[in-house]
Amino acid sequence: MHLRTPRTALAATVAALALTLTACGGGGESADGTSRPGKGKSESAKAGATFRLGESSPIQKSTAQKYKGSTYTLTPTKVETGTKADMAASGLKKDKDDEPQVPVYVWTTLKHVSGKPMASGDMDDDLIVRTDKGKRTRALIVLLGEAKWPDCPAPQNKTLSPGQSQKICKAFLIPAGQRASAVELFQGFYKKPLEWPVNG
């Protein structure tokens with residue numbers, strides 16, 4: 001999906017990509033037929049474990065070479081589904097053939113546990129929102145410029161050392177008429193994701 005805003009010449013180059021990938025336990029492919037390895041692996045949790053919002057994930061170990069040996073946790077704390085009005089006010093315009101979508105706002109606390117300092121933006125790439133209709137989507141990526149959402153500012157990419165944490169909010173796009181039923185943490189194609197159900 002490509003979203004553009006016509007407000008200025010620079011803004012006309014804004015492209016937003018909402019990646020909808022299936023975080024499966026055995027299928028081995030995403031919704032668009034591509035594969036994407038996970039960047040973090042749980043050291044101690046059973047695959048498919050379920051948590052409450054506000055509960056931390058088990059310790060995740062980075063597999064990125066530049067962060068070799070580093071560990072961190074993620075704690076989704078709040079999930080809210082936005083409106084079509086939020087979408088209209090975001091500064092992004094849908095392509096004419098796109099179906100109506102609404103944002104889902106996910107607040108997460110990222111905590112560096114041990115090892116080399118890590119960029120906070122490299123800690124939450126494997127978070128996914130699952131809808132009540134089984135649709136799975138990753139966070140919206142804006143290539144140039146930024147989308148504006150109420151009470152969900154674009155997160156700053158900070159370098160965190162052991163013991164440091166950062167609270168962030170990210171927007172995920174889901175089809176209008178659906179609602180967020182869970183936040184998931186992708187654990188690779190051969191394990192079920194970790195899950196934080198969304199009530200209401």
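These are my notebook entries on a sheet, a disulfide and several single residues of this structure.

**Entry 1: the model**

I noted at the outset that this is a predicted model.

**Entry 2: the sheet**

I looked up the strand order of the sheet. I found an open sheet of 4 strands in the order 8-7-12-13, with antiparallel pairing. I then asked which strands are the edge strands. They are strand 8 (136-137) and strand 13 (194-197), each of which pairs on one side only.

I recalled that strands of a sheet pair through backbone hydrogen bonds, either parallel or antiparallel. I next examined strand 7 (residues 127-131) against strand 12 (residues 180-185), and recorded 5 bridges in the antiparallel sense. Within this pairing, Val129 stands opposite Val183 of strand 12, and Ile128 stands opposite Glu184 of strand 12.

I turned to strand 12 and strand 13, which run antiparallel and are joined by 4 bridges. I looked up the bridge partner of Val183 in strand 13 and found Trp196. Val183 is thus opposite Val129 and is also bridged to Trp196.

I asked how many residues of strand 12 are buried. The count is 6 of the 6, so strand 12 is largely enclosed by the rest of the structure.

**Entry 3: the disulfide**

I searched the whole structure for disulfides and obtained 1. Cys152 and Cys169 form it, with their sulfur atoms 2.1 Å apart. Cys152 lies in the loop between strand 9 and strand 10, and Cys169 in strand 11 (residues 165-175), so the pair ties together parts that are 17 residues apart in sequence.

I checked the handedness of the disulfide. The torsion about the S-S bond of Cys152 and Cys169 is about -105°, so the disulfide is left-handed.

I also asked whether Cys152 is buried or exposed. Cys152 has a relative accessibility of 4% and therefore counts as buried. Cys169, at 5% relative accessibility, counts as buried because the cut-off is under 20%.

**Entry 4: the loop between strand 9 and strand 10**

I remained with the loop between strand 9 (140-142) and strand 10 (159-160), where Asp151 lies. I recalled that most residues other than glycine have a negative phi. Asp151 is not a glycine, yet I recorded a positive phi of about 60° for it. I looked up the accessibility of Asp151 and found a relative accessible area of 69%, so this residue is exposed.

Leu144 is also placed in the loop between strand 9 and strand 10. I noted that Leu144 is partly exposed, with a relative accessible area of 43%. I then asked which residues make the nonpolar surface patch of about 270 Å². The patch is made by Ile141, Leu143 and Leu144.

**Entry 5: Ser62**

I located Ser62 in strand 3 (residues 60-62). Its relative accessible area is 8%, so I entered Ser62 as buried. I looked up a contact of the Ser62 side chain and found that one of its polar atoms lies 3.2 Å from the backbone nitrogen of Ala64.

How values were computed. Residues numbered from 1 in each chain as written. Predicted model: local features only at pLDDT ≥ 70, side-chain atom pairs only at ≥ 80, totals over all residues. Heavy atoms only, no water. Pairing = 2+ DSSP bridges. Helix = DSSP H or I, 4+ residues; strand = E, 2+ residues; numbered from the N terminus. Buried < 20%, exposed > 50% of the residue type's maximum accessible area, 1.4 Å probe, protein only. Disulfide = S-S within 2.5 Å. Polar contact = N/O pair within 3.5 Å; in protein donor to acceptor, adjacent residues only side chain to side chain. Patch = residues over 30% accessible without salt bridge, like charges linked within 9 Å, V, L, I, M, F, W, Y side chains within 5 Å. Areas by Shrake-Rupley, 256 points an atom, 1.4 Å probe, with all protein chains shown as cover. Salt bridge = Lys/Arg side-chain N within 4 Å of Asp/Glu carboxyl O.
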